[in-house]
Amino acid sequence: MLINLHIVNLALIDELDIDFNEGLNILTGETGAGKSIIIGSIGIGLGGKYDTSFLRNPDKEGQVELLFSVNECTEKLLAMEEIEVSDGELLISRRLVNGRTVNRINDKTVTVAKLKTVAGILIGLHAQHEQRTLLKVSHHLDMVDNFSEKIKGLKENVAELYRNYKTLSDKVQSMQMDETERIKKADYIRYEINDIESARLKPGEDTELEDIYRKASAAQDIAEITSEVGLLTGYDKDISAGNLVSRAAREISGLMKLDPSAEELINTLSDIDGLLSDFSRQLADYASDTQFEPEVLAETENRLNLINTLKSRYGDSIEAVLESLDSLKVELEELESYDETVERLKKEMSQAETMLSDKCIVLTKERKKSAKQLTAVVAEAMRELNFNDVRFDMNFEETEPGMNGADKAEFMISTNVGEKMRPLADTASGGELSRIMLAIKSVVSEADDTPTLIFDEIDVGISGITAQKVGNMMKRLGETRQVIAITHLPQIAAKADHAYVIQKEVIDNKTLTSIKPLDEEGRVMELARLLGGENITETIIASAREMIK
C-alpha cells in the first residue's frame, strides 16, 4: 500500500509530506483547495506527464516521491520486472531538474515505461478521464480477458499460431512469380552463395585476424619500445641495468669472506640479477613474436576487408553470414523445385489457418463465458449502486482471425424497465458513467488484486441514497485493500477509516495547498462543513456525529 506521499515545488505546494493508512482513506476540501493537485502529484509519481509547467518555482527542481509497503505476493510480481524490494518497502521518485525528468525506483534509475509497469502493479488510479476510456470499445474486450485466468494462455497460443500462419502466408505471397522472375532470382541467389562459399569463412576467424592486424599495425612502435627497454635493462651496453647489476652482484659476493652476516644482501642482489636476466629473455621472445613482414599486414588487411564486406551484406558476424548461406541454399532449393514448394507451402498454410481458426473458436467460447460471469457480477455491483432495473451484457461480433483472436466485443446496457439494450458508449449521464465505472472497477480490481486503488471524485453527478451506496461499496473495497478517494459528499466521507482535509492558505503573501489528517473531532467538523457549508449549527454537528457513528 501507499504509506507516504512527498511533494516538493509543485503547483501550489512548496513542500508537503503525508502518511496514508490501510482501509478507506478519504480526502475532502473546499472547491479550489487543491484536491486535484494531490491526485495529480500521485499521477506524476506513477509516470504521468511531468514538465516545467507543473513547477511552482521554475528555477527550482520539483520532486514527487511515493513510498509503498509491499507484501510477498506483490514482491513476486515486482521480481518478474527485475525490481528488488528493500525491507518490504519500495520508493518511487521523480525529479524534474533543468527540464529533465529523473525516474528512480529504490535509487535505481529507470525508464518511464518501466516506471509505469511497476506502478500498474502497485496502484490503480481511477480519475474522471477514465470515463472516456470506459467508453472506448477497444478496451471492453481487454476487461473480459483480464477477468479470466484461462484467457491469457489461450491468447498467447492464438498469437503464436497467427504468427506462424502469417509467416507462411507471406512466404506463399513472395513465391508468386513467373518463370522469368524465378530464373533471375535463382541466378542471383547462386551468385550470393558463391560469394560466401568462395571466402571459406571460419567461425571466430575475424576476431583472430583483428588481433593480428592490431599487432602488425603497431609492429614498428612495438619494436622501437622493446629495443629501447632492452638497451636500458639488458646486457648490451656498459650502462645497461643488467650489466650494472651483474657487476654489482660480483662485487658484493666478496663481502661473504669479510662478513658472513651480509649473506642476505648478497642473495637479494643475486635474485635481482636473475630477474633481470629472465626479463631480458622474455622481452626478446616478445619482440620476436611481434615482428611482422609488410606482406603479412597487407594480407591480413585484405582478408579483413573481405570478411567485413560479407558481414555488411549477409550478417553482422561470421556466424550470421554462415546462417544466411544456409538460408540461401534452402531458398534456392525451393525455387528449383518451385511447383512442389508452392504446393507444400499452401498445404502448410491451410493447416495453420485451420489450427488458428479452431483455437480462435476456443478463445471466443472462453471469452463469452468470462463475459457472462463479468457482466453478471458488474450488474449486481450496479444494483448495489442504485441501478435497480439494470441489465448489463456484452455483444460479440466475429472478425477475421488475428493476433488477438477473432472477436470484437462491446458492453451493452439498459438502466430502465422496458428500455432496450444499447452500447455503453451511448450512455449519456455523467452520474451514471461514474457509478458504472465504479462498479466495473470494483469487480476488475477484485480480480487483479491491485493493492491500492485511488478514486478521484468518483461521486460526480450523484447524491442522496445513491451516494450512500457508493460509500458502502468503497468501504467494502477498503476491507481488502487500501483505497484513497477524493469526495465532496458527506455520505461517502462518513465512511472513512482515515480522513484528511486539503486546505488552501495564504502564508507570507503566498498561496499554499496543504493536507493534514483529521482526528475524531476534526472529522466531525469537516463532515459538518460538507453538510451545512458556512452555516454550521449544533444540529448539523450532531448530524455529522450520527453519520460517523
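This tour moves through four places in a predicted model, with a suggestion at each stop of what to select next.

Begin by selecting helix α1, residues 35-45, which is mostly covered, since 9 of its 11 residues are buried. Among the buried residues of α1 are K35, I37, I38 and I39, and further along the helix S41, I42, G43, I44 and G45 are buried as well. Then step just past the end of α1 to G47, where the backbone takes a positive phi of about 110 degrees.

Next, select helix α6 (residues 149-174) together with helix α15 (residues 338-384), and look for the place where their axes come within 9 Å and cross at roughly 155 degrees. Because angles over 145 degrees count as roughly antiparallel, α6 is roughly antiparallel to α15. The crossing in which α6 passes α15 is left-handed.

From there, go to L201, in the loop between α7 (179-197) and α8 (205-217). Is L201 buried or exposed? Its relative accessibility is 13%, so L201 counts as buried. If you show its surroundings, leaving out residues up to four places away in sequence, you will find that L201 touches I196, R303, I307, L310, I318, V321 and L322.

Finally, select K495, which is found in the loop between α18 (490-493) and β14 (498-507). K495 is buried yet has no salt bridge, and the nearest side chain of opposite charge, that of E479, is 9.8 Å away. Which residues does K495 touch, not counting those up to four places away in sequence? They are L24, Q468, G471, N472 and K475.

Key. Residues are numbered from 1 along each chain as its sequence is written. This is a predicted model: local features need pLDDT of at least 70, side-chain atom pairs count only at pLDDT 80 or more; totals for chains, interfaces and linings use all residues. Side-chain values use heavy atoms; hydrogens and water are left out. Helices (H or I, at least four residues) and strands (E, at least two) are DSSP runs, numbered from the N terminus. Buried means under 20% relative accessible area, exposed over 50%, partly exposed in between (1.4 Å probe, protein chains only). Lys and Arg count as positive and Asp and Glu as negative; His and the chain ends are not counted. A salt bridge is a side-chain nitrogen of Lys or Arg within 4 Å of a carboxyl oxygen of Asp or Glu. Contact means heavy atoms within 4.5 Å. Axes are lines fitted to C-alpha atoms, for helices over the stretch in contact, and angles run from 0 to 180 degrees between N-to-C directions. Angles under 35 degrees count as roughly parallel, over 145 as roughly antiparallel, 65 to 115 as roughly perpendicular and the rest as oblique. A crossing is left-handed if the near helix is turned anticlockwise from the far one by less than a right angle, and right-handed if clockwise.
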